[in-house]
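Before reading on, please look over the sequence and the model together. The account below goes from the whole chain to single helices and then to single residues.

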Amino acid sequence: MKGKIKHITIALGICLLLAMIVLGLKNRNTIYTWFLGDVQTLYMQADSLYRQKRYEDAETLYSKLAKIDTAKHCQFILGDIYYQGKTGVRNYKKAMKLFLESADNGNADSQNNLGYMYAYGIGTDIDYSKARKYLSLAALQGHSQAQVGLGSLYRHGWGVTKSYSEAFKLYKKAAAHDNTDAMNNLGYMYTFGYGTSTSAGDAIYWFEKSASRDNVSALFNLGLMYYFGKGVEKDYAKAKHLFQQASAQGHNHALEFLMKVENKEKVSETDSIFDWKLKAI
């Protein structure tokens with residue numbers, strides 16, 4: 001009898017232990033948050049350190065906060081610190097892991113970043129299917145940069161049926177949210193009649209609108225319009241000024257054209273330089 005009671009007691013003890021483990025796993029997020037203490041204060045401290053560009057100190061606090069299952073914003077910020085290498089070294093593997101956690105919690109910024117990483121093979125293999133998935137999720141939330149990215153998938157035909165008209169629609173949506181990349185891309189689309197009718201006037205409008213917000217690609221593209229007299233009178237002085245602005249921001253081809261202007265070189269459009277150099281994001 002005593003042996004039977006002993007076995008029953010042991011069995012009950014095991015069941016109780018298992019129940020406690022299950023309960024602990026189910027409530028691990030709550031327990032972990034309780035151990036952290038004042039989460040709001042920790043977040044404010046991390047945010048303050050980040051704004052002060054004390055990224056290593058911010059990383060320490062964000063690392064604690066990012067372990068909370070629902071801390072999608074902290075997961076994104078910490079992922080972005082690794083993605084941009086703000087502590088000195090880029091770590092795409094850590095960035096992607098955090099972006100995935102954050103994206104699964106519905107964070108549009110993380111979904112957008114994942115879309116670009118998969119589209120261009122940043123820290124991972126190119127996977128247009130996943131790129132489309134995450135860019136679409138973010139775009140549905142009104143994320144303008146994701147709308148630009150998704151539009152570019154359609155413009156190139158990456159993982160989707162190539163469609164200039166669909167790309168044009170997405171760029172228009174993003175431009176309505178003041179996205180300067182989208183504005184520049186609309187200028188490009190109007191220049192060559194992709195997804196819309198060719199209109200040098202509309203191209204100039206969008207390039208100017210984007211360039212006025214210091215978008216480096218638009219500054220260069222607008223310089224080309226003045227250089228070749230597309231939709232405007234040829235104005236080498238204006239082109240030179242725009243090339244100077246773009247080259248100061250490190251644009252690859254702006255310095256090349258700046259030198260041509262300064263040397264008073266004439267470049268014919270028949271050399272395909274205009275078509276080749278003018279780019280969309």
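What follows is a walk through a predicted model, beginning with the chain as a whole.

The chain is built from helices: there are 16 of them, with 0 strands. Of its 281 residues, 42% are buried. Among contacts with a separation of 6 or more, 46% join residues that are 24 or more positions apart. The accessible surface comes to about 15300 Å², and carbon and sulfur atoms account for 54% of that area.

Confidence should be checked before the details are read. The average pLDDT of the chain is 86, and 82% of the residues score at least 70. In residues 15–27 the pLDDT is below 50, and this stretch has 1 contact in the model beyond near neighbours in sequence.

The interior comes next. In soluble globular proteins, nonpolar side chains tend to be buried together. The largest nonpolar core in this chain has 77 residues, and the members that touch the most others are Tyr62, Tyr227 and Phe243. Helix α13, residues 216–228, supplies the largest share of this core, with 9 residues. Both domain 2 (38–141) and domain 3 (162–280) give residues to the core, so the core lies between them. Tyr227 can be followed further through its contacts outside the four places on either side in sequence: among them are Tyr236, Ala239, Phe243, Phe257, Val261 and Val267. Tyr227 also touches Lys234, Lys260, Glu265 and Lys266.

Helix α5 is a useful element to look at in detail. It covers residues 72–84, and at 1.5 Å a residue its 13 residues should span 18 Å; the end C-alpha atoms are 18 Å apart, which agrees. Within α5, 10 of the 13 residues are buried, so the helix is largely enclosed by the rest of the structure. The buried residues of α5 run from Cys74, Gln75 and Phe76 through Ile77, Leu78, Gly79 and Asp80 to Ile81, Tyr82 and Tyr83. The cover over them includes α3, α4, α6 (92–104) and α7. After α5 comes Gly85, with a positive phi near 65 degrees.

Helix α9 can be read in the same way. For the 13 residues of α9 (residues 144–156), 1.5 Å a residue gives an expected span of 18 Å, and the 18 Å between its end C-alpha atoms agrees with this. How much of α9 is buried? The count is 11 of the 13 residues, so α9 is largely enclosed by the rest of the structure. The buried set includes nonpolar residues such as Val148 and Leu150, and Gln147 and Arg155 are buried as well. The buried residues of α9 have cover that includes α7 (108–120), α8 (128–140), α10 (164–176) and α11 (180–192). Just after the helix, Gly157 has a positive phi of about 75 degrees.

The loop leading into α9 from α8 holds His143. Is His143 buried or exposed? Its relative accessible area is 15%, which is under the 20% cut-off, so His143 counts as buried. Leaving out residues up to four places away in sequence, His143 touches Ala108, Asp109, Asn112 and Ala138.

Two other loops hold non-glycine residues with positive phi. Lys53, in the loop between α3 (39–51) and α4 (55–65), has a phi of about 65 degrees although it is not a glycine. Its relative accessibility is 60%, so Lys53 counts as exposed. Asp214 is placed in the loop between α12 and α13, and its phi is positive, near 70 degrees. At 41% relative accessibility, Asp214 counts as partly exposed.

The last residue to find is Lys209, which lies in helix α12, residues 200–211. Lys209 counts as partly exposed, at 25% relative accessibility. Its C-alpha atom is separated by 7.8 Å from that of Thr180, and the two residues are 29 residues apart along the chain.

Note on methods: Residues are numbered from 1 along each chain as its sequence is written. This is a predicted model: local features need pLDDT of at least 70, side-chain atom pairs count only at pLDDT 80 or more; totals for chains, interfaces and linings use all residues. Side-chain values use heavy atoms; hydrogens and water are left out. Helices (H or I, at least four residues) and strands (E, at least two) are DSSP runs, numbered from the N terminus. The expected span of a helix is 1.5 Å times one less than its number of residues. Buried means under 20% relative accessible area, exposed over 50%, partly exposed in between (1.4 Å probe, protein chains only). Contact means heavy atoms within 4.5 Å. Accessible areas come from the Shrake-Rupley method with a 1.4 Å probe; for residues, only the protein chains shown count as cover. pLDDT is the predictor's confidence in each residue, from 0 to 100. A nonpolar core is a set of buried Ala, Val, Leu, Ile, Met, Phe, Trp, Tyr and Cys residues joined through side-chain atoms within 4.5 Å. Domain bounds come from an automatic or database domain assignment.
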